[in-house]
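I opened the notebook to go through this model piece by piece. These are my entries, in the order I looked things up.

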Amino acid sequence: MSTHNPFFDPTLKKRHLADKIFKFVALSALLIAVSFLVIFFTDIISKGLPSYKQAYVNLPVTYNKDTVADSSYAIDEEHYELVSRAWYRDMPMYATAHPEVMNKTTKEWVLADDEVDQYLKGHAHTLTDEQKVVVDKMIKEGSVELQFNSIFFSTGDSKIPENSGFLSSVVGSILTIFICIAFAFPIGVMSAIYLEEFAKQGKVSTFLEININNLAAVPSILFGLLGLAIFINLFGMPRSSALVGGLTLGLMTLPVIIVAGRTALRSVPASIRQAAYGLGLTKWQVVKDHVLPLGMPGILTGSIIGIARAMGETAPLIIVGMIAFIPDIPTSFTQASTVMPAQIFTWAGMPEGAYVERVSGAIMILLGVLLTMNALAIYFRKKYEIKW
Amino acid sequence: MKFDIKTKARTPINANRQIKVQSEDLKLWYGQKQALFGISMDIYKNSITALIGPSGCGKSTFLRCLNRMNDLITGVNVDGKVIIDGKNIYDRDVDEVSVRKKIGMVFQQPNPFPKSIYENVSYAPIKHGIVKKGSDCDELVENSLKSAGLWNEVKDILKNPGTGLSGGQQQRLCIARTIAVKPEVILMDEPTSALDPISTEKIEELMIELRKDFTIITVTHNMQQAARVSDYTAFFHLGKLIEYADTESIFVNPKIKQTEDYITGRFG
Ligand SMILES: Nc1ncnc2c1ncn2[C@@H]1O[C@H](COP(=O)(O)OP(=O)(O)OP(=O)(O)O)[C@@H](O)[C@H]1O
Ligand SMILES: [Mg+2]
C-alpha cells in the first residue's frame, strides 16, 4: 500500500456526488415522461380495442306485411329491447330489397343494442335485471356474441351508438388534408424559394421573416376565425365543407412550410450554388436543378410534420363548422364533412359507453395515421439525403 | 530562396501579346468596408496570371469581380471597369449570366454537383444549348474530360456520382465541367490548396496545357506554384495591387521591397 496518492483531489468526492444527483434527477424525469406515455397507450388500447368488436344476437325474425309495416313486431317481445333501433329502422328496406325472405320466420344474427354490447364487454350498462337474465340465458345458448365491428369501419356518425362509425370522418380528413396540401405546399415552397433565393436581404425581408415565424406560433383557433372571415364570409364557400376546412388548415400550415422550406434551402451548401452560378446558369436553373433537389428532403420532412399537425387539429375547424353531426360519407369537397379529431371530440362529449369506447378506438386510428406520417417523414429524409 | 521558374513553355514576353482582360481602377466595397482600392491591370491572352498576397488582401475578391460572382453577395458595390474583349462587363447592357458563361470559375474546394460524372459535365452545356442530349453531348463530355486529364480514370464509371471521386479527381472534374461550356477565361481560386502534392502536380500540368486554349487567372498561396506555372504574377496587399510583372521579374528581381519580403517569406 502506498501512502501517497498523487491523484488525490479533495474536491472530487463532492463533484462526483453532484454527478450522481444530476443523473438521478434526469433519469427520474425521463421515467416520469415514459410512464405517462405507457399509461396513455395502455389506457387507449385497452379501452379502444373492444370498440372493434360489436355484440350481435341470434334471434328468430319474422318477415311479413305487418312486420314490414311496423318492424317492432319482427322480434318477439322478450327480446325486443335487445335489438338495435338501427336494425328496426333498416329492416323494412332490407325486406323490400330481398323479397325472398318474406313470410318466413328465420333465425339470424341481428345488431344488438349498445347496452347489450356494453354488458357483454363488462362495462357499465342500463339493462334491467330481467333483461340481464334473458341475455345470460342467450350467452349460455351461444346466441349472443361479439363479432367484428364492421359498422365502425364502414359508416359515419349516428345518433344510435352501436350504429355509429368512423369512416365518414376518415374520408373527411382525407379530403380536407388533400385541400390543405394542395393549397399550402406549393404556395409555401414557392414563398420559401422567393424569400431565400430571390428577395433582397433587407428590412422588408427581415420584417417578413419575423412575421412568418410568429404566424407559425399563432394559436390555431385564430386561423379558424381567419378562415371563417375569408373563405365563408368573403368568398361564400360552403360551411362545414372539406374545402373550407382544408383551406383553413392550409393557412395554419403555410407558415410552418415556409419556415421549414427556408431552413432546408439555406442548408444547401453555398459551394453548390457558386458552382452552378459560375457556369453561367440563371437563377431559376440553379434553384430548380440544384438547390431545390438538395433541399427537398428537408422541405418534405418539415411539410409532413406540419401537415400531420393539421391533421390532428380541431380548434380552427370548430369555427368553420366542421365539428358537427355528419352521418354521411362525403363524396365531394363542398359537402358537409367532419374530420377524425373532430369526430373524436364529438363522441367524447357523449354519455353512452359505446361512444366512449369509440373515442379510444378512433384515437388509435388517428395515432396510427399520424405515426405513419412521421415515419414517412423520416423515410423521405433518409431516402433523398444526398451524401457529400 | 530559389524558385524553379519554368521558362521553356513560357509565352515570349512583349511578342505581340494580346490583352484579354483589362481592369481599370477597380474598387469594391463590402457594405461600408472597402476591399479593393483601384486595381488596374492588363491580363494577357493565353497566359497564366498568378495572384499572390497575404490572406485577406483581396485576391479572391478581385477574381470574383472578373466574372461578376460578387453580384451574388448582398451589399457589394463595385466601381471601375473590367473590360473583356473591349466591353466593360459592368455596363448596364451586359447580363452577368452571359459573363459567367464566358469566364468560368474553379473553386478552392472541389464542388462537383451531387450528380453523375457525366451529368456534372453535360448539365451546363445542355442548358446553354451548346449541345443536345445524344452523341454530340457524349463527345463534348469525352473531350472535356480528356482536356481535364480525367478521361482515362472515369471513362468506365461515367454514371457514378461525381462526389465519389477523390479530391484531386473531383477538382479535375470541376475543371472539365468549366471547360465544357467553352469559356475563354478560366478563374481559379486556390485550385490546389485542398489537394495532395501528386494531384496538385497534375492540376499544374493541366493548367499549362489549358493555357493554349484559355486565359487562366489563378490565386495561389504557394510561391513555388506561382513560380512554376504562371507567366505573370501580381502581388496584392491590403486591397492594392503592389507589383505586377512577368513571373521571372517578380521572383528573380522584384522592384518593390514588400514584394520581395513576401515572396521570400519574410512577411505575410
Ligand atoms: N462576403 C464578404 N463580406 C464582407 N467582407 C468580405 C467578404 N469576402 C471577403 N471580405 C473581406 O474582404 C477582404 C478581402 O477578402 P478576400 O477573400 O478577397 O481575401 P483573399 O486575398 O482571397 O484571402 P485568402 O488568401 O485568405 O483567401 C478581407 O478583409 C475580407 O474580410
Ligand atoms: Mg481567397
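**Entry 1: where the chains meet.** I began with the contact between the chains, which takes 20 residues from chain B and 18 residues from chain A. On chain B, the elements that give two or more residues to the side touching chain A are helix 2 (96-102), strand 6 and helix 3 (117-128). I then asked which of the elements gives the largest share of that side. Helix 2 of chain B does, with 4 residues. By class, I noted 9 nonpolar, 7 polar and 4 charged residues on the side of chain B that touches chain A. A reminder to myself: this is a predicted model.

**Entry 2: strand 6 of chain B.** Strand 6 turned up at the contact, and I followed it further. It covers residues 103-106 of chain B, with B:Ile103 and B:Met105 pointing one way and B:Gly104 and B:Val106 the other way. Are these residues buried or exposed? All of them are buried. I also looked up the partner of strand 6: strand 7 (residues 185-189) of chain B runs parallel to it, and 4 bridges join the two. Within this pair, B:Ile103 stands opposite B:Val185 of strand 7.

**Entry 3: the shell around ligand 1.** Still on chain B, I listed what surrounds ligand 1. Among the surrounding residues are B:Tyr30, B:Lys33, B:Ala35 and B:Ile73, and also B:Gly53 and the run B:Ser55, B:Gly56, B:Cys57, B:Gly58, B:Lys59, B:Ser60 and B:Thr61. Two elements of chain B give two or more residues to this shell, strand 2 (33-44) and helix 1 (59-65). Helix 1 of chain B gives the most, with 3 residues. Sorted by class, I have 4 nonpolar, 6 polar and 2 charged residues in the shell around ligand 1.

**Entry 4: chain A as a whole.** I turned to chain A and counted its secondary structure, 15 helices and 3 strands. How does its radius of gyration stand against a compact globule of 388 residues? Such a globule would have a value near 21 Å, but chain A has 30 Å. The C-alpha atoms of chain A fill a box of roughly 90 × 80 × 35 Å along the principal axes. Buried residues make up 39% of the 388 in chain A. I also checked the contacts in chain A between residues at least 6 apart in sequence: 78% of these join residues at least 24 apart.

**Entry 5: two domains in chain A.** The domain assignment gives domain 1 (50-148) and domain 2 (167-384) of chain A. Their C-alpha centres lie 45 Å apart. The domains do touch, and the contact takes 9 residues from domain 1 and 7 residues from domain 2 of chain A. The side of domain 1 that touches domain 2 divides into 3 nonpolar, 4 polar and 2 charged residues.

**Entry 6: one residue of chain A.** I closed with A:Val110, which sits in strand 2 (residues 104-111) of chain A. Why does A:Val110 count as buried? It does so because 20 other C-beta atoms lie within 10 Å, and the cut-off for buried is 20 or more. I looked up what A:Val110 touches, leaving out residues up to four places away in sequence: A:Tyr56, A:Val57, A:Leu59, A:Val61, A:Val83 and A:Trp87. I took one of these, A:Val57, for a distance check. A:Val57 and A:Val110 are 53 residues apart along the chain, and their C-alpha atoms are separated by 5.4 Å.

Note on methods. Residues numbered from 1 in each chain as written. Chains lettered and ligands numbered in written order. Predicted model: local features only at pLDDT ≥ 70, side-chain atom pairs only at ≥ 80, totals over all residues. Buried ≥ 20, exposed ≤ 12 C-beta atoms within 10 Å, placed from the backbone. Pairing = 2+ DSSP bridges. Rg over C-alpha atoms; globule rule 2.2 N^0.38 Å. Contact = placed C-beta atoms within 7 Å. Nonpolar A, V, L, I, M, F, W, Y, C, P; charged D, E, K, R; others polar. Near = placed C-beta within 6 Å. Domains from an automatic or database assignment.
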